[in-house]
Amino acid sequence: MNAPATFAMPHVAEAIDACAPDGFAGAIVLPEHICAAQWDRLAAAAVEPNVFAERWFAEASRHLAPPGLRYLTVTAGAQLVALMPVVTAPRYGRLPLRHSQNWCHYHSFLGTPLIRQGCEAAAWSAMLATLDRQPGAGALLHVTGLVDNGAVHRGLVAAAGQRGRPCDTVHRIERAMLASDLAPDAYYAATVRKKKRKELARLRARLAESGTISTRWLAPDEPAGPWIDAFLALEQAGWKGQAGSALGCTAETAAFFREVVASAHRLGRLDMLRIDRDGVAIAMLVNLLAPPGAFAFKTAFDETLGRFSPGVLIQLDNLQILARDAIDWVDSCAVENHPMINSLWGERRTIVRVSVPLAGPRNRSLFALVRGLERAAARFRALHARRPAPDNAMESDA
C-alpha cells in the first residue's frame, strides 16, 4: 500500500483532549508518550487483529516514519481503547485538499486501527471529535486499508452517522485470503485444479534432480539473524534489487526488516520458512502472526531458477499454516488479482478506503465537491472501459 506524501500534524500540543458524549476521550500524542503495556494490552483485546498496528511493528517502522509522527488515541478512564497513527497530507489524490489520514508505509499492508472490542463506534466518535477541534486537521478524515464491513469499518460508519455525516467508500480492492477448516493437503486438492497440481509436482521433481532439496521452518530457539541475511540477499539478487526496491537497497528499509523479523521471532509471532538446494536458500517466506489471523508479509526466491517456480513451491509448503490451531485465516497482503496467489488461495478479503468530512459547513462543502469529482471520474472510467477499442488500437506496454 503506497502512502501519499505525509506531514506531521502542525502545532499539536502534547495532548489535546476532546471528550465525546459517551465519555471517551481522544488525544493526539507522540508515540513515545503511549504506555507500552497499554498498547500491548489493546492489541491483544482488539476487535480486529492488525499486526501492522502493534507496538513492535510500529517501533520498527520508525525507520520509515515522517518526522513528528503522531498517534490519535482514545481512552476510557485509565484504559486505552483505540490507537491510530495520523498525519496530515496537502493533497487528496490529485486535488490540493488538506486532510487527515491514518499513516501506512509501503511495507504496511493493513491500516485498521487498534480498537478494543465493544468500543468501535464510541472510539471513532472520540477520534472524530478530536480531529474536529484540531487546528490544521483539514477538510476530512481519509482512512486507508480497512476490512470492508468489518467491525472497525462498521464502527466508523455508525460514529459518522451519529454525527450526521456520510462515511463514503472511495476505493475497494479484493485480495487473496486463506481461510479454511480443511487440512493442508485437502485444501490444496479442493482449491487447485488437478492439471495444475500435476504440473507443480513435476516441477518439484525436476528441482529435486538438480540438488538436495529441503523445506524447513525457523525454529523458536534458532537465531533469526542468518535467516534475515539470507532473505535480504535473495531478494536483492532479483529484479527488486535491480530496480532499487529490495529491502536491502537502503539502510532504512534493511533496518526496518531486520527489526520486524527479530521482534516477531522473539515474541513468538514469526512463521518463517525456506526451500534450500544443497543448503542454500532458493525461496523464503515470512508470515507475521496475529492470532486468530496471520499476514503473509514478504517472500523472495532465486529468479535464476524460475523454470522450477520456486516461488510457487514455497507457497504450497506455506499451506501447512492451516494446521496451526491458533490461526484461522491468512491475509495474502498481495495486490488485487495477483495471478499466482489467486490460483492457490480460494478465499478473498475486501479492503477499502473511506472518507468522512470533519466538522463545519466549509468542510462539508469541500467534501461534497471532491466526492462529486470522484464519482464523475469513476463514471468516466466505467464508460471508457465499455467502449470497444478502435480497429487500429495497439496493446499498451504498461
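The lining of the largest cavity has 10 nonpolar residues, seven polar ones and no charged ones. The model is predicted. Phe 52 is among the residues closest to the centre of that cavity, and Phe 52 also ranks among the best-connected members of the largest nonpolar core. The structure holds zero disulfides.

**Cavity**
- The count comes to one cavity of 30 Å³ or more.
- The largest cavity holds about 140 Å³ of space.
- Its lining takes in 17 residues, and Phe 52, Ala 53, Pro 85, Trp 103 and Ser 108 lie closest to the centre.
- α2 and β4 (79-89) each give two or more residues to this lining.

**Nonpolar cores**
- The largest core has 36 residues.
- Phe 52, Phe 257, Met 272, Val 286, Leu 288 and Phe 297 touch the most other members.
- At least two residues of this core come from each of α2 (55-60), β8 (168-178), α7 (225-236), α9 (251-266), β10 (270-277), β11 (280-290) and β12 (293-301).
- Another core, of 31 residues, lies apart from it and includes Ala 176, Leu 285, Ala 294 and Ile 314.
- Beyond its neighbours within four places in sequence, Phe 52 has contacts that include Phe 57, His 107, Phe 109, Leu 288, Phe 297 and Cys 333.

**Cysteines**
- Cys 35 is partly exposed, at 39% relative accessible area.
- The closest cysteine sulfur to that of Cys 35 is in Cys 119, 17 Å away, so the two are too far apart for a bond.
- Cys 167 counts as buried, at 16% relative accessibility.
- For Cys 167, the closest cysteine sulfur is in Cys 104, and 16 Å is too far for a bond.

Methods. Residues numbered from 1 in each chain as written. Predicted model: local features only at pLDDT ≥ 70, side-chain atom pairs only at ≥ 80, totals over all residues. Heavy atoms only, no water. Disulfide = S-S within 2.5 Å. Buried < 20%, exposed > 50% of the residue type's maximum accessible area, 1.4 Å probe, protein only. Core = buried A, V, L, I, M, F, W, Y, C linked by side-chain atoms within 4.5 Å. Helix = DSSP H or I, 4+ residues; strand = E, 2+ residues; numbered from the N terminus. Contact = heavy atoms within 4.5 Å. 1 Å grid on protein atoms, 1.4 Å probe; cavity = no way out; pocket = protein on both sides within 12 Å on 5 of 7 lines; lining within 4 Å. Points joined across faces, edges and corners; volume = space filled by probe spheres on them. Nonpolar A, V, L, I, M, F, W, Y, C, P; charged D, E, K, R; others polar.
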